[in-house]
Amino acid sequence: MSEHQLPSDATRLGLRYRDASATIVDWDRIRREVGDTVVIHPRPDADVLREYGFDDGYDLTAEAGLRDAIEAFEDSDVFHEWKDRNEPMMNYLWPCEPACGVSMERAAQLIARFGGATCLVSYELDDEKYTGIALTGGGMNLAHDIAAAYVCMGHAPPLTVLDDALSQIASMAPEVQQLVVDGGARVAENMRWAAGNLDERVARARAAIASTLDEDPGPSGPKA
């Protein structure tokens, strides 16, 4: 579906979450207080329907056939099994709002396809709204999946995951590999710009201090 396409290139990735890091959350408590609406579940696609045997009797290449197969799937017992696979497991939340022009539905679809063991969550708790990326699996370093999920949301991955993610580039879906690499390059370029800007400010501040010292005669008055 054209509305569920990845960004065409890394220049379209935002840098808002360059310095983002995960927060620790309690998903059991969140589910008790919020209910089962925490995850933004994607729409089942043809691959999911084939995996669960809902390709027999339905033409999944036709819009009507796909729609009918989805309806039958959603009325089945295995639908809930599929949804359970897309629930947070590890008690971490990576903050991330979809970029401008990226809907929650589009982000959820892309994450389901390219984000590996991640899902999109959004909920309100204690009068605060939280939206971000959660892990549906654990037991290994999943930096590559987190980086891919950020790309699906329209953002360059955070610096905190890029080092591991770039070393795991072969573990990512081919469609997101170049975006993650180029997103990393954008982060590096932005950091160089920030460092250069800071260097200039430091130099101006040093000059201002030196100028003040030259103008101040001190307690003994001007030198002879």
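The lining of the largest cavity comprises seven nonpolar, two polar and no charged residues, where Ala, Val, Leu, Ile, Met, Phe, Trp, Tyr, Cys and Pro count as nonpolar, Asp, Glu, Lys and Arg as charged, and the others, Gly among them, as polar. A cavity is here a set of points, on a 1 Å grid over the protein atoms alone, where a 1.4 Å probe fits but cannot get out, and lining residues have an atom within 4 Å of a point. The model is predicted, with local features needing pLDDT of at least 70 and side-chain atom pairs counting only at pLDDT 80 or more, whereas totals for chains, interfaces and linings use all residues. Residues are numbered from 1 along each chain as its sequence is written, and side-chain values use heavy atoms, with hydrogens and water left out.

The largest nonpolar core, a set of buried Ala, Val, Leu, Ile, Met, Phe, Trp, Tyr and Cys residues joined through side-chain atoms within 4.5 Å, has 37 residues, and those with the most contacts inside it are Leu6, Ile133, Tyr150 and Met153. Helix 6 gives the most to this core, with eight residues; helices (H or I, at least four residues) and strands (E, at least two) are DSSP runs, numbered from the N terminus.

In helix 7 (residues 159-167), Val161, Leu162 and Ala165 are buried, that is, under 20% relative accessible area, with exposed meaning over 50% and partly exposed in between (1.4 Å probe, protein chains only). These residues cover an arc of only 115 degrees around the axis, which puts them on the same side of helix 7, the arc being that of the directions from the helix axis to the C-beta atoms. On the other side of helix 7, Asp163 and Ser167 are exposed.
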